[in-house]
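The exercises below are meant to be worked with the sequence and the coordinates side by side. Try each task before reading the solution that follows.

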Amino acid sequence: MKLEKLSQSQLKRLKEHKYSCQNVSLLDPFMQVFWNWSLEWFPLWLAPNTMTILGLLVNILTSLLLLFFNPDAKSEAPRWVYLLCAAGLFAYQTLDALDGKQARRTGTSSPLGELFDHGCDSVSTVFVSIAVCSTMQLGHHPDLLFLMIMMSLMLFYTAHWTTYCCGYLKFGYIDVTEGQVMAILCYMASALFGETFWTSKLPVIGAPTWVVPIVFSVSAGAAAIYNMLTVIFTGGVGKNKSTVADTSVLFPVVPIMTALLPAYIIYKKSPSDVFEMHPTLYLLAFGLVAAKVTNKLVVAHMTKSAMDTWDSSLWGPALLFLNQYFNTPVSEYLVLWICLVYCLADLCIYSLQVCTEICDYLNIFCFRISHPPRKMSAGSTPSASPQPSPTPKRTMVTRQSASRN
């Protein structure tokens, strides 16, 4: 697994990066009251990135607990599990909204904060999407389950694709906050009424209850993708309406398609119905690939650099594809586990590598407020009267969650 390092020119452009967004979310103005009140309960010594990662860990653990009880997206978990999932997602939403406020409150805003925030959001999207679809027992409808997860991954990617083109992140009327609130309501419905709630028939139309959130999600998602594609095709800020890196606005479709198209092909050609038998495991594996590719897109935007066609995470799905090509000499279930472990390791190693490089370059800590001492260049000598290391200049950037501030 080759380490993917940032060049000095990329690090320099990242340091100069300034975050910008446009937010017209319907719920954010109301949530601001709670978020501003909540911020006062957090100590000044708590690093913003620590808040972000704690929220993500809680969200992942509660989602995994649900998937443990419902691995086929058809079973029913104990009702307390859904309550924990609702609480976990609410905790993540709150901490994700507060980390940017905490960064400005403590004077520790940095490009790393924005990148870290987006990276955690990309992973959270994977786990929450799968957990919510499992809650509605969409495993009984594998094609619909596959479509909903792929749509969620594509929506998140396209939002940053738009940013790569126009230079700022756009939040629509129905966006992240609204989607999270709907997911929490789905968890609460299962906690209060059980999973039979989703198969009960609606009055008049006679359709199952799960149709309501699905129709809402697909309609909002289709509208969002249309709006984002409009910006992509018309709003490029580079030369000849290109991206911020002066590359083609269409090229970012290639990396995400190399991640998502194999998921569909392997699903349909599997002789052992690996997706139908192990849907959550399958979706987690390919979701982590999509998260890695999305992180690469965010880095490309912040460093104003071109994207690569191939990503090392694609070797995981390649194992599944090659196993099918040679008539599955190895159990697809076993290869799927290998794929999942590899993709998880690849994402973690890449994230650790990028964060370490940025921390070293900006002379900051990732999970601490204080700053490390500056390194002395080779051959330099200390002054006779040592002075405290000056606080490194930091580009004051608003992090993703600050779009909701």
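**Exercise 1.** In this predicted model, are Asp 346 and Lys 292 buried or exposed?

Solution. The criterion needed here is that a residue counts as buried when its relative accessible area is under 20%. Asp 346 is buried, and Lys 292 is buried as well.

The next step is to ask how the two side chains are related. Asp 346 forms a salt bridge with Lys 292, and the closest N and O atoms of the pair are 2.7 Å apart. Because Asp 346 lies in helix H13 (residues 332–362) and Lys 292 in helix H11, this pair ties together parts that are 54 residues apart in sequence.

Lys 292 has a further partner, since its side chain also meets that of Asp 311 in a salt bridge, at 3.1 Å from N to O. Asp 311 is placed in the loop between helix H11 (279–303) and helix H12 (315–325), with Lys 292 in helix H11, so that this second pair ties together parts that are 19 residues apart in sequence. Both Asp 311 and Lys 292 are buried.

Finally, the pairs can be assembled: Lys 292, Lys 296, Asp 311 and Asp 346 are joined into one network by salt bridges that share partners.

**Exercise 2.** State how many salt bridges a search of the whole structure finds, and characterise the one between Lys 268 and Asp 143.

Solution. The search of the whole structure yields 4 salt bridges. In the one formed by Lys 268 with Asp 143, the closest N and O atoms are 3.0 Å apart. Lys 268 belongs to helix H9 (residues 253–269) and Asp 143 to helix H6 (residues 142–166), so the pair ties together parts that are 125 residues apart in sequence.

As for accessibility, Lys 268 counts as partly exposed at 43% relative accessibility, and Asp 143, with a relative accessible area of 45%, is partly exposed too.

**Exercise 3.** Describe the packing of H6 and H11 by axis distance and angle, and then classify the residues of their contact.

Solution. The axes of H6 and H11 come within 9 Å and cross at roughly 5°. Since angles under 35 degrees count as roughly parallel, H6 is roughly parallel to H11. On the H6 side the contact includes Leu 145, Phe 146, Ile 149, Trp 161 and Tyr 164, while on the H11 side it includes Tyr 282, Leu 283, Val 293, Leu 297 and His 301. Sorted by class, the contact of H6 with H11 has 17 nonpolar, 5 polar and no charged residues.

**Exercise 4.** Treat the packing of H4 and H5 and that of H5 and H7 in the same manner, giving the handedness of each crossing.

Solution. For the first pair, the axes of helix H4 (residues 79–106) and helix H5 (residues 111–135) come within 12 Å and cross at roughly 160°. This makes H4 roughly antiparallel to H5, and the crossing in which H4 passes H5 is left-handed. Tyr 82, Leu 89, Tyr 92, Asp 96 and Asp 99 in H4 meet residues of H5, among them Asp 117, Cys 120 and Asp 121. The contact of H4 with H5 has, by class, 5 nonpolar, 2 polar and 4 charged residues.

For the second pair, H5 packs with helix H7 (residues 176–193) at an angle of about 35°, their axes being 10 Å apart, and this crossing is left-handed. The meeting residues are Val 128, Ala 131, Val 132 and Thr 135 in H5 and Ala 183, Cys 186, Tyr 187 and Ser 190 in H7. By class, the contact of H5 with H7 has 6 nonpolar, 2 polar and no charged residues.

**Exercise 5.** Which residues of H12 are buried, and what covers them?

Solution. The buried residues of H12 are Gly 316, Pro 317, Ala 318, Leu 320, Asn 323 and Gln 324. Their cover includes H9, H11 and H13. Just after H12, Asn 327 takes a positive phi of about 65°.

**Exercise 6.** Locate Ala 189 and list its contacts beyond its neighbours within four places in sequence.

Solution. Ala 189 lies in helix H7 and, at 10% relative accessibility, counts as buried. Once the neighbours within four places in sequence are left aside, Ala 189 is in contact with Gly 194, Phe 197 and Trp 198. The C-alpha atoms of Ala 189 and Thr 135, which are 54 residues apart along the chain, are separated by 9.6 Å.

Definitions and conventions: Residues are numbered from 1 along each chain as its sequence is written. This is a predicted model: local features need pLDDT of at least 70, side-chain atom pairs count only at pLDDT 80 or more; totals for chains, interfaces and linings use all residues. Side-chain values use heavy atoms; hydrogens and water are left out. Axes are lines fitted to C-alpha atoms, for helices over the stretch in contact, and angles run from 0 to 180 degrees between N-to-C directions. Helices (H or I, at least four residues) and strands (E, at least two) are DSSP runs, numbered from the N terminus. Angles under 35 degrees count as roughly parallel, over 145 as roughly antiparallel, 65 to 115 as roughly perpendicular and the rest as oblique. A crossing is left-handed if the near helix is turned anticlockwise from the far one by less than a right angle, and right-handed if clockwise. Contact means heavy atoms within 4.5 Å. Ala, Val, Leu, Ile, Met, Phe, Trp, Tyr, Cys and Pro count as nonpolar, Asp, Glu, Lys and Arg as charged, and the others, Gly among them, as polar. Buried means under 20% relative accessible area, exposed over 50%, partly exposed in between (1.4 Å probe, protein chains only).
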